[in-house]
Amino acid sequence: FLTLLQMDITQPQQVQQALLATKAKLGLRGLWGLVNNAGVCVNFGDAELSLMSNFRGCMEVNFFGTLSITKNFLPLLRQAKGRIVTISSPAGDQPFPCLAAYGASKAALGLFTDTLRHELEPWGVRVSTVLPSSYRTGRTVNHAYWEQQHKQLLQSLSPALLEEYGEDYVTETKDLFQSFASQANPDVSPVIDAIVQALLAPQPQARYYAGPGVRLMYFIHSYCPFSISNRFLQRLFLNKKLMPHALRKQPGREPSPHNNNNEEEKLQPL
């Protein structure tokens with residue numbers, strides 16, 4: 001049977017309550033599987049335009065929350081020689097434009113998970129990471145959410161910084177995020193299949209690439225020159241047409257032919 005426990009993983013007291021409830025259900029048995037799936041992206045925009053609270057918010061949930069859950073449940077997992085499956089993101093390995101806060105939190109999570117994999121091997125606990133492509137979730141298609149984030153960002157910027165980047169530059173970023181999210185795949189079954197494999201396979205993989213295009217993206221990132229992989233990410237994710245307002249005034253700093261306003265290029269999900 002299924003037991004649902006509601007908890008905020010950033011609240012230590014709630015994590016402890018969930019642990020006690022789990023122990024009560026398991027009795028003397030250990031815990032076979034822990035799936036770390038909680039994650040948030042609380043900003044969109046250039047790193048300079050992102051609030052410090054955006055960086056802290058991403059780290060609090062994506063890294064520290066997952067760290068807290070994992071450390072608290074590890075004794076039960078070691079007892080059963082079970083499995084830890086963590087949902088991360090390609091943004092933690094590659095420099096996606098305008099995702100610095102989210103990507104930094106996932107990079108920290110990725111290194112923690114890889115380290116844990118080595119440390120828990122002698123205990124018989126297997127650790128896997130799932131790297132999904134772009135999937136549509138409730139928040140990503142919530143237009144009110146994007147508008148609220150956009151309004152909050154504009155209100156938080158200093159007049160000088162807003163002048164240098166330009167309101168149209170910030171708005172274009174928001175529109176590109178919305179466009180990308182609306183085209184994301186609504187079928188999350190590849191991610192679910194990867195989780196099931198990581199939990200049940202006799203020899204689970206260290207990494208699972210869930211969804212179309214992820215392996216290709218990692219191949220380009222690993223084996224192609226930086227100029228090519230960087231351009232690939234820009235075209236794949238946020239292919240911006242506008243430069244910051246201050247740069248448009250400088251001679252010789254106009255957008256390249258690949259980025260001019262006459263180019264119509266459709267964003268494609270990963």
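The crossing of helices α1 and α2 is right-handed. I start there, and I should say at once that this is a predicted model.

Some background on that first statement. Two packed helices are described by the angle between their axes and the distance between the axes. For α1, residues 12-26, and α2, residues 52-80, the angle is about 25° and the axes are 10 Å apart. Angles under 35 degrees count as roughly parallel, so α1 is roughly parallel to α2.

Which residues make this contact? From α1 they are Val15, Gln16, Ala18, Leu19, Thr22, Lys23 and Leu26, and from α2 they are Ser68, Ile69, Asn72, Phe73 and Leu76. Sorted by class, the contact has seven nonpolar, four polar and one charged residues.

Helix α2 has another partner, α3, residues 100-120. Here the angle is about 20°, and the axes lie 7 Å apart. By the cut-off I just gave, α2 is therefore roughly parallel to α3. This crossing is right-handed. On the α2 side the contact includes Asn54, Phe55, Cys58, Met59 and Phe63. On the α3 side it includes Ala100, Ala104, Ala108, Leu109 and Phe112. The class count for α2 with α3 is 15 nonpolar, five polar and two charged residues.

Now the whole protein. How many helices and strands are there? The protein has ten helices and four strands. Going from the N terminus, the order of elements is α-β-α-β-α-β-α-α-α-α-β-α-α-α. The C-alpha atoms fill a box of roughly 70 × 40 × 30 Å, taken along the principal axes. Of the 270 residues, 44% count as buried. Take the contacts between residues at least 6 apart in sequence: 77% of these join residues at least 24 apart.

Next, the sheet. The four strands form an open sheet in the order β1-β2-β3-β4, and the pairing is parallel. Which strands are at the edges? They are β1, residues 33-36, and β4, residues 207-210, and each of them pairs on one side only. On average, neighbouring strands of the sheet are turned by 20° against each other, ignoring direction.

We can walk across the sheet pair by pair. β1 and β2 are parallel and share four bridges; Gly33 has Arg83 in β2 as its bridge partner. β2 and β3 run parallel and are joined by five bridges. One position to find there is Ile87, whose bridge partner in β3 is Val130. The last pair is β3, residues 126-132, with β4, parallel over four bridges. There, Thr129 has Arg207 in β4 as its partner.

Stay with β2 for a moment. Is this strand enclosed or open to the outside? Five of its five residues are buried, so β2 is largely enclosed by the rest of the structure. In a regular strand the side chains alternate between the two faces of the sheet. In β2, Arg83, Val85 and Ile87 are on one side, Ile84 and Thr86 are on the other, and all of them are buried. Both faces of β2 are covered, then.

What lies across the sheet? Helix α7, residues 189-200, lies across β1, β2, β3 and β4, and runs at about 160° to β2. Helix α8, residues 214-223, also packs on the sheet. It touches β3 and β4, and its direction makes about 115° with that of β4.

From α8 we can move to α9, residues 226-236. In α9 the buried residues are Ser229, Arg231, Leu233 and Leu236. The elements that cover them include α6, residues 167-182, and α8.

The last stop is a loop residue. Leu51 lies in the loop between β1 and α2. Is Leu51 buried or partly exposed? Its relative accessibility is 24%, and buried means under 20%, so Leu51 counts as partly exposed. Leaving out residues up to four places away in sequence, Leu51 touches Gln152 and Ser156. Leu51 and Leu153 are 102 residues apart in sequence, but their C-alpha atoms are 7.9 Å apart in space.

To recap: the predicted model has an open sheet of four strands with parallel pairing, helices α7 and α8 placed against that sheet, and α2 packed with both α1 and α3.

Methods. Residues are numbered from 1 along each chain as its sequence is written. This is a predicted model: local features need pLDDT of at least 70, side-chain atom pairs count only at pLDDT 80 or more; totals for chains, interfaces and linings use all residues. Side-chain values use heavy atoms; hydrogens and water are left out. Two strands pair if DSSP finds at least two bridges between them. Helices (H or I, at least four residues) and strands (E, at least two) are DSSP runs, numbered from the N terminus. Axes are lines fitted to C-alpha atoms, for helices over the stretch in contact, and angles run from 0 to 180 degrees between N-to-C directions. Contact means heavy atoms within 4.5 Å. Angles under 35 degrees count as roughly parallel, over 145 as roughly antiparallel, 65 to 115 as roughly perpendicular and the rest as oblique. A crossing is left-handed if the near helix is turned anticlockwise from the far one by less than a right angle, and right-handed if clockwise. Ala, Val, Leu, Ile, Met, Phe, Trp, Tyr, Cys and Pro count as nonpolar, Asp, Glu, Lys and Arg as charged, and the others, Gly among them, as polar. Buried means under 20% relative accessible area, exposed over 50%, partly exposed in between (1.4 Å probe, protein chains only).
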